[in-house]
Amino acid sequence: MTKPHDFKTKAIIVRKTKCGEADRILSLLTPDLGLIQGFAKSVRKTKSKLSGHLELLCYSEVSLARGKAIDTITGSQTIQSFLNIRNSLQLSAMAFYACELAYHFSPEEAANPAMFQLLLSTLEELDNGSQPELCLKYFEINLLASSGYKPELRECANCHKKLQATINYYSPESGGVICPNCRNTQIGMPVSVNTVKVLRYIQENSFSSICRLKINREILSELELAIRANIRFVLEKEPKALFWLDSLRLADL
């Protein structure tokens, strides 16, 4: 989509970077333009009228003027600020993690409405506070799918035979779950029958259905190990926000 000289777009602020003494460069995830960058002049000054509308996690309507190297933000109005997330360290860490992943998985200026809606729905569900751990798993699995990395969960990702109700193995290198026979030639971590069932359910159902799931800590741990390994394999690095998220979890033990 070609941008006019002056334009407005709905956007979620997924990253902010200091620039100079009072400016910022913001990364905005939009429904129609994909990931775009915006220069926010003097936004770090206490008297800035824009600062409250351009915070990380904000869902805002943003006005921009097209520039040669980077667009300049000329106005912004908050649509949703997700106050419940901001008032919880745990939810904030989850939301920052989701925004970081959305940033890394979104190519610049390539529209991906599904990615935008997935992040927005995730922030709304986290703000509601219902099943935040499962909400994050839903986001991660569907993030992979909307980015072209949908894991194969119904047949072996290597030999393509139907998976049997036994201990199988999750292999990011192979693109999903592999059977015991293929594990001899492929790297994979063990996943139980119930964990594979939960993975399929999350991949194939809506947020509202996922929130009704009741799963134990063992399955949740298996889900987390498998999905994190998949994301790390695709990004070729560990998301930075995970360090804060994990440190908060350890503090609660």
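**Note on the predicted model**

1. S171 is buried, its relative accessible area being 1%. This serine belongs to strand β6, which covers residues 168-171. Apart from neighbours within four places in sequence, S171 makes contact with G176, I178, I187 and G188. R183 follows 12 residues along the chain, and the C-alpha atoms of S171 and R183 are separated by 8.8 Å. The coordinates discussed here, as in every point below, are those of a predicted model.

2. On the overall fold, the protein comprises eight helices and eight strands. Its radius of gyration is 20 Å, close to the 18 Å that the globule rule gives for 253 residues, so the protein is as compact as a globular protein of that length. Taken along the principal axes, the C-alpha atoms fill a box of roughly 60 × 40 × 30 Å.

3. Burial and contact order may be taken together. Of the 253 residues in the protein, 51% are buried. Among contacts with a separation of 6 or more, 59% are between residues 24 or more positions apart.

4. As to the surface, the accessible area of the protein comes to about 12,700 Å². Carbon and sulfur atoms account for 51% of that area. The protein carries 31 positive and 26 negative side chains. The centres of these two sets of charges lie 2 Å apart.

5. Strand β4 (residues 59-65) deserves attention for its pairing with β5 and with β1. With β5, strand β4 pairs in the antiparallel sense over seven bridges; with β1, the pairing is likewise antiparallel and also extends over seven bridges. Six of the seven residues of β4 are buried, and the strand is thus described as mostly covered.

6. The register of these pairings can be followed through individual residues. L64 stands opposite I73 in β5, and L64 is also the bridge partner in β4 of F7. S63, for its part, stands opposite G75 in β5. The connection between β4 and β5 is a hairpin, with five residues between the two strands.

7. Strand β5 (residues 71-80) has a further partner in β3 (residues 34-40). Here the strands run parallel and are joined by two bridges. Within this part of the model, G38 stands opposite D71 in β5.

8. T9 offers a view of the surroundings of strand β1, which spans residues 6-19 and contains this threonine. The relative accessible area of T9 is 8%, and the residue is therefore buried, the cut-off being under 20%. Not counting residues up to four places away in sequence, T9 touches T30, P31, L33 and I36, together with S60, E61, V62 and L64. L64, one of these contacts, is the residue named above as the bridge partner of F7.

9. Two residues other than glycine have a positive phi and may merit inspection of the backbone. S42 has phi near 60° and is placed in the loop between β3 and β4. With a relative accessible area of 21%, S42 is partly exposed. F82 has phi near 55° and lies in the loop between β5 and α1 (83-86). In contrast to S42, F82 is buried, with a relative accessible area of 2%.

10. E222 is a residue of helix α7, which runs over residues 217-235. At 18% relative accessibility, E222 counts as buried because the category takes in values under 20%. Leaving aside its neighbours within four places in sequence, E222 is in contact with P190, V191, S192 and T195. S130 is 92 residues away from E222 along the chain, and their C-alpha atoms are separated by 21 Å.

Conventions:
Residues are numbered from 1 along each chain as its sequence is written. This is a predicted model: local features need pLDDT of at least 70, side-chain atom pairs count only at pLDDT 80 or more; totals for chains, interfaces and linings use all residues. Side-chain values use heavy atoms; hydrogens and water are left out. Helices (H or I, at least four residues) and strands (E, at least two) are DSSP runs, numbered from the N terminus. Buried means under 20% relative accessible area, exposed over 50%, partly exposed in between (1.4 Å probe, protein chains only). Contact means heavy atoms within 4.5 Å. The radius of gyration is taken over C-alpha atoms; the globule rule is 2.2 Å times the number of residues to the power 0.38. Accessible areas come from the Shrake-Rupley method with a 1.4 Å probe; for residues, only the protein chains shown count as cover. Lys and Arg count as positive and Asp and Glu as negative; His and the chain ends are not counted. The place of a charge is taken as NZ of Lys, CZ of Arg, CG of Asp or CD of Glu. Two strands pair if DSSP finds at least two bridges between them.
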